[in-house]
Structure formats: structure tokens, C-alpha cells
Amino acid sequence: MSRTDDAFLVRLVRSEAASGGLALLAATIAVVWMNLDRSSYLSLRNQHVGPLSIEHWAADGALALFFFVAGLELKRELLLGSLRRPADAAVPVVAALAGVAVPALLYAVLNLGGSGHRDGWAIPAATDIAFALAVLAVVGSALPHALRAFLLTLAVVDDLVVIVIIAIFYTDTVHLGPLLGAVAVFAAYAVAQQRRVTATWLYLPLAVLGWWLIHESGVHATIAGVVLGLLTRALPDAGEDEAPAERLEHRLAPISAGVAVPFFALLSAGVDLGHLGALTHQPVAIGVVVGLVLGKPIGILLGTWTVTRFSRAELAAGLSWGDLVGVAVLAGIGFTVSLLVSDLSFAGLQAEQAKTAVLVASVASGLLGAVLLGRRSARLR
């Protein structure tokens, strides 16, 4: 990894660490608020501002910015970062795929007999990059730098897979007119990027219009963020200090980390703690907890072992299996995208149970991962 990549990764870890702290604070406020004054919390969530409720602005609007930044990250990783060389990318990519498949499979098995419960199979499939990197930044100062790159690549691929899952499996009805309109808007955005247009007055209306058309098409609006991120030029021209993707990421990552994600957490993480009892007997809650706490590390470690055992791919220099165990456990922090999929999968009581399970499983994975990585870091130090 080059010095430029190192500097970028350090900046990213710091921003994600701040995001994780703010999102945790917002989630704590949401839970306390929900349990002290349920009516006022729900009233805020259901309050309409323009065409959408505040809850929908958080899930469809704020997270669209989050996924736009994720799309920029992915584009950069594909062209300049750890995904540009297939041999280097193979291990974290396969680990990410297995880390999505195994939790989903465990959830499905535990919910085979539940009518309608199987809709939540993708809830434990996601890793929250902000919280995972935040914990790693706090407890893993002496860990190999390659471990951060592994976790970042893992989380980026994980996000991409779950985004595709949302687009395919959590879209009930597609309205062709708005969808074709969105495609035309995205094409105009891509042409403007290709022609090196730099006018913000052009890109901002295109982005907002594309987002709204995707929302109206029935496809989840966050998909627009990913598409726009991937269409943004990531390779700098001669004499250009930064490509548009890197420049936008530097400007928008703090807003995404410091505003968008905490705003979503405040509006989505408010759960009734009376649902904690569901963790012992409700298949939805049990499936989410088992999927995140056990399925994630099992899948990641199994995928890593398989690709290193049966191909020429190898762990990055400096990494050990002890390091990977801690990161695999840490990947069980679902939070942001898992809460989103919970709302897309269920309504009412089942959604509350699923989100309670996400919070409990994320806290458990975060604490256990912190202990494992903290001990490993202390030994290396």
C-alpha cells in the first residue's frame, strides 16, 4: 500500500471513529427517549416535512448521502485501492461474501417455521463500517496497518452486496416511468463527468432529481446514492491534485459521518426495551442475534480459510489468524444497514423485535471484538 493510501486510510479511520461515537450517542438518546416518552418520540418520527415524514427523510435521504460516500469509497478502492489488484482483493472479498451468506443462512434456518419471519434474512448480513472502524481505532493502535485495510475492504464489499440485496429483494413494485427517468438523469451525470464538467449548479439538481425519481420508482432511494458514487470520476487527470471522487469524499464524509448517520440512528434506533424478552423465544430476534454474533465471524473466517487454502491468495503481510478472529467478531456490528433492513422487512412489533436484536447483537459483537483486539494489540505493543 502506498503512502497516499496509508494517509487516506488514516483519515478515513479517524472520521469513521468520530461517526461511530456520534451514532452511538444518537442511538442511546433514541432508546432513552423512546422508553421515557414513547408518544413524543413517535410523534417526531411521524412528523411530515414536505412530501416525507422525518423518519423517511432519515432512512431515504440521510442514508442516500451515506451510501453516496460508500459508492465513492468503492469506486476509489476498485481503481486505486485494495480492490484494484485481484490477488490482493481476493481474501477480503471472499470473506465478505461468506460473511453475508452464513448469517443469512443461519437466520433462515432458525425461522423456517415462522410465517413471514423469513423476510428478515438479510438483517444480520450487514456490517456497520462506522462502528467497526471506530472500535478498531480505539483498541487497535498497535495492530498491523493491513488489518484496517482488510476491515475497510470487507465492509465496502459487504455494503455493496447488501445494497444489491435491497434493490432486488426489498423492492415490491417498480414503476417503470420514474425508473427510466432516473436512468436518463444518471446518464446525464455520467456524461457530465466524462466531459469534465465541474459546475456544482448542474450536479446538485441532477443528484436530487435522480434520488427523487428512484424513490418514486419503488426502488429504495439509497440505491441512487450508490449509483451516483460509482459514476463519479475517481482517476485524476494530468495536473489535477484530486479526482472528483476523492474531492467529494473529503467534503462529504464528515457530513455523512457527523450528521447523516447520527440523524438516522436517532430516528431509527428508538426501541422499546420491553422487547428484550423476545431475545429468548422469538425466532426473528434469535435469528438476528445468532446471525450477527455467530454467523458473521464464522462466515468471514470460513471464507478466508477457504480462499487461502484452495487458491494462491494469501493473507496480507503482517496479518495473523489471531488478528482476523478479532476483526471477524467485530464485523458482527450491524447497526445502520441492519436497522434499515429491519424496517424494510417488517412493520410493527416484529420490526421492534428485530431492531432490538440488532442493537443487542451489535453491542455484544463490539464489546467482544474490542476485548479480543485489545488483548492482541497489548501483546504486540
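Contact, as I use the word here, means heavy atoms within 4.5 Å. With that in place, let me turn to the structure, which is a predicted model.

I begin with a single residue, S342. This serine sits in helix α13, and its relative accessibility is 0%, so S342 counts as buried. Which residues does S342 touch, if those up to four places away in sequence are not counted? They are I123, A351, A354, K355 and V358.

Helix α13, which spans residues 336–345, also takes part in lining a pocket, the second largest. That pocket has a volume of about 590 Å³. Its lining comprises 25 residues, and H56, D60, H220, D343 and L344 are the closest to its centre. Three helices, α3, α13 and α14, each contribute at least two residues to this lining; α14 covers residues 349–380. By class, the lining of the second largest pocket holds 10 nonpolar, eight polar and seven charged residues.

I move now to the largest pocket. How much space lies in it? The figure is about 880 Å³. There are 29 lining residues, and those nearest the centre of the largest pocket are F68, L204, A207, L248 and L252. The elements that supply two or more residues to this lining are α3 (54–79), α7 (176–194), α8 (200–217), α9 (222–231) and α10 (244–268). As to chemical character, 19 of the lining residues of the largest pocket are nonpolar, six are polar and four are charged. Helix α3 is thus named for the largest pocket and for the second largest pocket.

One residue of helix α10 deserves a separate remark, namely A253. Is A253 buried or exposed? The cut-off for buried is under 20% relative accessible area; A253 has a relative accessibility of 14% and therefore counts as buried. Leaving aside residues up to four places away in sequence, A253 touches V69 and L248. L248 was mentioned a moment ago, among the residues nearest the centre of the largest pocket. A253 may also be set against D237: the two are 16 residues apart in sequence, and their C-alpha atoms are 23 Å apart in space.

Next, the packing of two helices. In general, two packed helices are described by the angle between their axes and the distance between the axes. Here the helices are α5, residues 129–139, and α6, residues 145–169; their axes come within 10 Å and cross at roughly 170 degrees. Angles over 145 degrees count as roughly antiparallel, and α5 and α6 are therefore roughly antiparallel to each other. On the α5 side, the contact is made by I129, A132, L133 and L136. On the α6 side, the residues are L147, R148, L151, L152, A155, V156 and D159. Taken by class, this contact has nine nonpolar residues, two charged residues and no polar ones.

Two of those α6 residues, V156 and D159, lead to my last topic, since both are named in the lining of the second largest cavity. How many cavities of 30 Å³ or more are counted in the model? The count comes to two. The second largest of them holds about 40 Å³ of space. Besides V156 and D159, its lining consists of F67, A70, G71, L74, L160, I163 and V226. The elements giving two or more residues to this cavity lining are α3 and α6. Seven of the lining residues of the second largest cavity are nonpolar, one is polar and one is charged.

Methods: Residues are numbered from 1 along each chain as its sequence is written. This is a predicted model: local features need pLDDT of at least 70, side-chain atom pairs count only at pLDDT 80 or more; totals for chains, interfaces and linings use all residues. Side-chain values use heavy atoms; hydrogens and water are left out. On a 1 Å grid over the protein atoms alone, a cavity is a set of points where a 1.4 Å probe fits but cannot get out, and a pocket is an open set with protein on both sides within 12 Å along at least five of seven lines; lining residues have an atom within 4 Å of a point. Grid points are joined across faces, edges and corners, and a volume is the space filled by probe spheres set on the points. Helices (H or I, at least four residues) and strands (E, at least two) are DSSP runs, numbered from the N terminus. Ala, Val, Leu, Ile, Met, Phe, Trp, Tyr, Cys and Pro count as nonpolar, Asp, Glu, Lys and Arg as charged, and the others, Gly among them, as polar. Axes are lines fitted to C-alpha atoms, for helices over the stretch in contact, and angles run from 0 to 180 degrees between N-to-C directions. Angles under 35 degrees count as roughly parallel, over 145 as roughly antiparallel, 65 to 115 as roughly perpendicular and the rest as oblique. Buried means under 20% relative accessible area, exposed over 50%, partly exposed in between (1.4 Å probe, protein chains only).
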